[in-house]
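Please open the model in your viewer, with the sequence panel beside it, and follow the stops below in order.

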Amino acid sequence: MAYIKRIIIVALLMLNQATVLKAEDGHALWLRNHSAIKVNISSTVRSATVDLAIAELRNGWLGKENMTIKLNLTKNPSIKRDGFQLEETAINARTELGLLYGTYELLRRQYLNLPQRNVISNPSYSRRILNHWDNLDGSIERGYAGSSIFWGNTANGLNITNQDREKWKAYARANASIGINGAVLNNVNASAKILSPAYLEKVKAIAESLRPYGIKTYLSVNFSSPVLIGKLKKADPLDPLVKQWWKDKAAEIYKLIPDFGGFLVKANSEGQPGPQDYGRTHVDGANMLADALAPFNGIVMWRAFVYNPSPEDRTKQAYKEFLPLDGAFKKNVILQVKNGPLDFQPREPFSPLFGAMSDTPVMPEFQITQEYLGASRQLVFLSTLWEECLNSDTYKNGKGSTVAACTDGSLSKTDFTAIAGVANIGNDVNWTGHTFAQANWYAFGRLAWNNKLESKTIAEEWLKQTFLDDKEKKTDANFIKTIQEIMLDSREAAVDYMMPLGLHHIFAEGHHYGPAPWFSNDKIRPDWTSVYYHKADTAGIGFDRTRSGSDAVDQYHEPLSSTFNSLSSCPEIYLLWFHHVPWSYRLKNGRDLWTELCIRYDHGVQQVRSFQKNWDKIKGSIDSERFAEVQSKLRTQSRDAQIWKDACLLYFQQFSRREIPFEIERPV
Ligand code: GCW
């Protein structure tokens, strides 16, 4: 009897495996191994990159059996950069990398059952780069998915194993499949050691693994490197010895890595050294590095995330610092600007710098890792946040001057364009900690390739590739619809349970995970106390950035500055970002501010509760391992959302002196 029972169990298990993907398939991210159909491939070129394209086609072909597909290099002027054209029986591109990108798009279309004839696709940005905030000891700043895949996994961090190379290859393949073509391998809070010969040898090895997939290697550099590892007395960018040191260093790097991309620099920000330490400007610093890299076609990505500990509104500082420098940078310098003027908050208006610079290329920096959005514990799909930023109108050259248009070369007619995402990748077996955090990596790549894609398309593509196998994808429309809805609502839900109506930076200090609206300590720099940002008092709540306040509104072009400036026209999603608003103020829906705040917080919590319910309903549609992982994380998220709501409402209630409305869930 027991024997028969065992047979039945084994048979059931096998049945289960036949229809449901296994969790370990998830470790291949959105790239599944299909049972491929035979295809013939002919190519006019051969190279390491083209060989990869051929192998991918052989592995993943889902089209007609025995078809012949041609890989052609072409000079077709409607194909730009590493773009491509898909035809019935051919992939055409200007570059070999374009053939690889075309291959991934073709296979994606076959898998998703999308038309694949006469598709022309060109990337929005020339450089589509991941920024790894990986330290050389293997830890990752704001990383929530284990330790670095590049550094620190051995005693001296420099030994390279076959396993390392396999990992880098898998990483490169995933990136190439979504069009990412660059990686900054170390933290912007950079150790100077990265430029020492031993580390450069390892960078060379990493670059070799990434190269066939078209991924260029970049490094973050410490501005004081000439002093810290070069024995110079100072790092003054106008000093001839310093200039020479960087020139020699660049030559040394390019000897090892001929296609090295360039440097990313965080200077004079949050304690990092920079040109201002010597009374010089950001221009002096950036141009000195640009000169060193120029002979090799390298670039400098100079970060605009700079502010000083002062009582001045922190959101105004970067613009004030960089606007006067517009046009003074060398041709190979690009300014890297975070999406918002503060710091990767759940919601910020776009940074006014996007619409400000006329003669300096500017690139957006998004944060894929969820520093302020629930780490890898909460399901928050960030595509909608980035879409919102890219579509924001700066009015730089009148209506339609979106952040996308200001950065992708369509307004300025330059081809020196780039976009960066702070990676959420680590050594965790599923790469990103939370399975749904893989979707954020995917979305960043897709938007970097095409900044007009819609989040709902991206979510659907990702879900189908990540969770459904060939047979199921036709039948499980319900799974897709239910979970796609969770993804698309998730960021707004997080805004509601953390910081609705334009509130910002009321995070607990340090870890930035939970709430701390009460945080205030005289010894802490004035711009780092949370009370600084919400300004709650018995009169109201919110930061006055109007013309009678800090006047940050005037960093925006008209009509935006006036729209933001007036309480009645300011979009309510930014209300408390720009205004100090009385508790009794009536919102458009007729509720007073306090009541609306309570209802928003509660709405965020209820949203997560509904995510839980809907997730539970899809049990059986996917493998039990990933089902259980997400179920458990949603429980954590639900509890933490409630903590956010209760903490913030009970704290703000001291100032509002009003009842928490009875229609919402009581504080726990
Ligand atoms: O968001 C803040 C983070 C820091 C980070 C800094 C930056 C790398 O809290 O951890 O440092 O921004 O972007 O430079």
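Which residues are buried in helix 8? Select residues 240-256 to find out: Val242, Trp245, Trp246, Lys249, Ala250 and Ile253 are the buried ones, where buried stands for 20 or more other C-beta atoms within 10 Å of the residue's own, exposed for 12 or fewer, and partly exposed for anything in between, with C-beta atoms placed from the backbone. Seen down the axis of helix 8, these buried residues fall within an arc of 130°, so they line one face of the helix; the arc is taken over the directions from the helix axis to the C-beta atoms.

Before going further, please note that this is a predicted model, in which local features need pLDDT of at least 70 and side-chain atom pairs count only at pLDDT 80 or more, while totals for chains, interfaces and linings use all residues. Residues are numbered from 1 along each chain as its sequence is written. Helices (H or I, at least four residues) and strands (E, at least two) are DSSP runs, numbered from the N terminus.

**Around helix 8**

Stay with helix 8 and turn to the face directed away from its buried side, where Pro240, Ala251 and Lys255 are exposed. The buried residues pack against helix 6 (197-210), helix 7 (225-228) and helix 9 (282-293), a contact being two residues whose C-beta atoms, placed from the backbone, lie within 7 Å. If you place a distance label between the end C-alpha atoms of helix 8, the 25 Å there agrees with the 24 Å that its 17 residues should span at 1.5 Å a residue, the expected span being 1.5 Å times one less than the number of residues.

**The closed barrel**

Next, select strands 6 to 13, which form a closed barrel of eight strands running 6-7-8-9-10-11-12-13 with parallel pairing; two strands count as paired if DSSP finds at least two bridges between them. Neighbouring strands of this sheet are turned by 25° against each other on average, direction ignored. Helix 9 packs on the sheet, touching strand 9 (262-265), strand 10 and strand 11, and its direction makes about 160° with that of strand 10, where axes are lines fitted to C-alpha atoms, for helices over the stretch in contact, and angles run from 0 to 180 degrees between N-to-C directions.

Within the barrel, strand 10 (residues 299-303) pairs with strand 11 in the parallel sense over four bridges, and Val300 stands opposite Val333 in strand 11. Val300 is also one of the residues with the most contacts inside the largest nonpolar core, together with Leu289 and Leu353, and this core has 189 residues; a nonpolar core is a set of buried Ala, Val, Leu, Ile, Met, Phe, Trp, Tyr and Cys residues joined through C-beta atoms within 7 Å. Beyond its neighbours within four places in sequence, Val300 has contacts that include Gly262, Phe263, Ala286, Leu289 and Asn332.

Move on to strand 12 (residues 362-367), where six of six residues are buried. Val362, Pro364 and Phe366 point one way, and Met363, Glu365 and Gln367 the other way. Strand 12 pairs in the parallel sense with strand 11 (residues 333-338) over four bridges and with strand 13 (residues 418-422) over three. Select Glu365 to see both sides, since Lys338 stands opposite Glu365, and Glu365 in turn stands opposite Ala420 in strand 13.

**The open sheet**

Now go to the open sheet of five strands, which has the order 1-2-4-3-5 and mixed pairing. Its edge strands, strand 1 (39-43) and strand 5 (119-121), each pair on one side only. Strand 3 (residues 84-87) and strand 5 pair in the antiparallel sense over three bridges, with Ile120 as the bridge partner of Gln85. Helix 4 (residues 96-112) lies across strand 2, strand 3, strand 4 (90-93) and strand 5, running at about 45° to strand 3.

**Backbone details**

In the loop between helix 4 and strand 5, select Asn118, which has a positive phi of about 55° although it is not a glycine. Asn118 is exposed, with 9 other C-beta atoms within 10 Å.

For the last stop, select the loop between strand 14 (540-541) and helix 18 (560-565), where Thr546 is placed. Thr546 counts as buried, with 20 C-beta neighbours inside 10 Å, and its contacts beyond four places in sequence are Val553, Asn565, Phe578 and His579. Pro559 lies in this loop too, and a cis peptide bond with omega of about 5° joins Glu558 and Pro559.
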